[in-house]
Amino acid sequence: MAIGKSLERLFNAIADNCQTLSWTIMRILAALMFMTHGWPKLFGDNAQPVLGGMDFFGIDLMVNMLWIAGVIEVFGGALLVLGLFSRLSAGLCALLMVMAYATAHPAWFPTLNNGELAAMYFVVFFVLFAFGPGKLSVDSLIRGQR
């Protein structure tokens, strides 16, 4: 019993000391991976045009929604890497993932419709929206929350 309690205290101490670093790694890694989805839409061999292209649920807004998605993925992701305007960026990224899921993965279960990535990105960005970027971010530096 004493060994079990000692191990629990040890693991709790290690986990407590890793919170800031793990939160920062999650934010940065998720944002960098998210950016890789937008980069080809904006700068790839078959970059999306700004005008025309994919409409918005059957409504032609005269702007290509895949181009808009690319802008949010690249620039929203870059802001999240820095931890700058994090809540706004995370909120836009989460909303984009809801829209992506609704348009590209309409079946209800993510593993049946290949929507796992959109669902996971939504969860990560929604949590970042709710809790903020963490201590190691430009937002935190600006607000003096170190």
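## Helix H5 and its two sides

On one side of H5 in this predicted model, Met 120 and Phe 131 are exposed. The other side is a different story: Ala 118, Tyr 121, Val 124, Phe 125 and Leu 128 are buried. Looking down the axis of H5, you'll find its buried residues within an arc of 130 degrees, so they line one face of the helix. That face has company, since the buried residues pack against helix H1 (2-43), helix H2 (65-82) and helix H3 (86-104).

How does the length of H5 check out? With 16 residues at 1.5 Å each, H5 should span 22 Å, and its end C-alpha atoms are indeed 22 Å apart.

## Either end of H5

Ahead of H5 (116-131), Asn 114 sits in the loop that comes after helix H4 (110-113). Asn 114 counts as exposed because its relative accessible area is 59%. After H5 comes Gly 132, with a positive phi near 90 degrees.

## Aromatic pairs

Searching the whole structure turns up 7 aromatic pairs. One of them is Trp 23 with Phe 131, edge-to-face at 6.3 Å centre to centre and 75 degrees between the planes. This pair ties together distant parts of the chain, with Trp 23 in helix H1 and Phe 131 in helix H5, 108 residues apart. Trp 23 is partly exposed at 24% relative accessibility, while Phe 131 is exposed at 63%.

Trp 39 and Phe 43 make a tilted pair, 4.4 Å centre to centre with 50 degrees between the planes. They are 4 residues apart in helix H1, so about one helical turn separates them. Finally, ring pairs join Phe 34, Tyr 121 and Phe 125 into a cluster.

Note on methods:
Residues numbered from 1 in each chain as written. Predicted model: local features only at pLDDT ≥ 70, side-chain atom pairs only at ≥ 80, totals over all residues. Heavy atoms only, no water. Buried < 20%, exposed > 50% of the residue type's maximum accessible area, 1.4 Å probe, protein only. Expected span 1.5 Å × (residues − 1). Arc of directions from axis to C-beta. Contact = heavy atoms within 4.5 Å. Phe/Tyr/Trp six-rings, centres within 6.5 Å; stacked < 30°, edge-to-face > 60°.
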